[in-house]
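Trainee: Could we go through this one together, starting with where the ligand sits? I would like to see how you read a binding site.

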Amino acid sequence: MTEIAVVPGSFDPVTNGHLDIIHRAAKIFENVRVVVMHNSAKRGLFTAEERMALLHEATSHLPNVVIETSPGLLIDYVRSVNASVIVRGLRAVSDFEYEMQITSMNRMLDEEIETFFVMTKSQYSFLSSSIVKEVAQYGGDVSSLVPANVLKALHEKYENK
Ligand code: ADP
């Protein structure tokens, strides 16, 4: 019943913190669907297609992980792939309130879908896509925080600006 798990996020871009959560989910669930959620109001640094390509490369060694994208409500996507579990990562206490709000809303929308929380390695507890972008933009070294393909993509983005 819980063989399919969905790992949703913006992934703009994927970091080692996200990858830590994806690895952990892939060990527990048979089939992991990482879904890049995008809405037209929120413009990121990378397009949804670019985020998917970066995720795809960074998870290519995990046979039970697939990368998809969805424009609408997460719950609709979860239902459409017959999943019953959402996996979210927790970094610090500061994530808790936001995650509780989303989880309660998703539960209201569909009582049957459970959210599982996975705690990241402590070395990634301060890590977010936003902080990576901020540091990379000014030429700071983020090589220990993102996979090699993301490092290259960040260099290319900021060189062309
Ligand atoms: P969102 O915009 O939905 O928060 P993110 O791409 O920022 O999407 O994050 C997707 C998921 O990954 C969330 O569950 C978030 O808490 C988790 N996450 C983000 N960064 C980290 C990290 N460094 N360690 C663990 N989990 C993380």
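Mentor: Happy to! Let us agree on classes before we sort residues: Ala, Val, Leu, Ile, Met, Phe, Trp, Tyr, Cys and Pro count as nonpolar, Asp, Glu, Lys and Arg as charged, and the others, Gly among them, as polar. Keep in mind, too, that this is a predicted model.

Trainee: Thanks! How do the residues of the shell around the ligand divide into nonpolar, polar and charged?

Mentor: The ligand is surrounded by 15 residues, and S10, F11, G89, Y124 and L127 are the closest. By the classes above, Phe, Tyr and Leu count as nonpolar, while Gly is among the polar ones. Over the whole shell, the division is five nonpolar, six polar and four charged.

Trainee: Which element gives the most residues to the shell around the ligand?

Mentor: Three elements supply at least two residues each: β1, α1 and β4. With three residues, the one that gives the most to the shell is α1.

Trainee: Which residue has a polar backbone atom 2.7 Å from an oxygen atom of the ligand?

Mentor: Let us look at the side chains before the backbone. R88 places a polar side-chain atom 3.1 Å from a ligand oxygen, and an N or O atom in the side chain of R91 is 3.2 Å from a ligand nitrogen. The protein covers 89% of the 550 Å² of accessible area that the ligand has on its own. The backbone contact at 2.7 Å to a ligand oxygen belongs to G89.

Trainee: What is the volume of the space that the ligand takes?

Mentor: The ligand takes the space of the largest pocket. Its lining counts 45 residues, with G9, S10, K42, R88 and Y98 nearest the centre. They divide into 18 nonpolar, 18 polar and nine charged. The space in this pocket comes to about 1,200 Å³.

Trainee: Which element gives the most to the lining of that pocket?

Mentor: Elements with two or more residues in the lining are β1 (4–9), α1 (16–28), β4 (85–90), α4 (93–109) and α5 (129–137). With nine residues, the top contributor is α4.

Trainee: Which two residues does a cis peptide bond join?

Mentor: Most residues other than glycine have a negative phi, and most peptide bonds are trans. The loop between β1 and α1 holds F11, which has a positive phi of about 50° although it is not a glycine. P13 is also found in the loop between β1 and α1. With omega about 0°, the cis bond joins D12 and P13.

Key. Residues are numbered from 1 along each chain as its sequence is written. This is a predicted model: local features need pLDDT of at least 70, side-chain atom pairs count only at pLDDT 80 or more; totals for chains, interfaces and linings use all residues. Side-chain values use heavy atoms; hydrogens and water are left out. On a 1 Å grid over the protein atoms alone, a cavity is a set of points where a 1.4 Å probe fits but cannot get out, and a pocket is an open set with protein on both sides within 12 Å along at least five of seven lines; lining residues have an atom within 4 Å of a point. Grid points are joined across faces, edges and corners, and a volume is the space filled by probe spheres set on the points. Helices (H or I, at least four residues) and strands (E, at least two) are DSSP runs, numbered from the N terminus. A residue is near a molecule or strand if one of its heavy atoms lies within 4 Å of it. A polar contact is a pair of N or O atoms within 3.5 Å; within protein, one must be able to donate a hydrogen and the other to accept it, and residues adjacent in sequence count only if both atoms are side-chain atoms. Accessible areas come from the Shrake-Rupley method with a 1.4 Å probe; for residues, only the protein chains shown count as cover. A molecule sits in a cavity or pocket if more than half of its atoms lie within 2 Å of its grid points.
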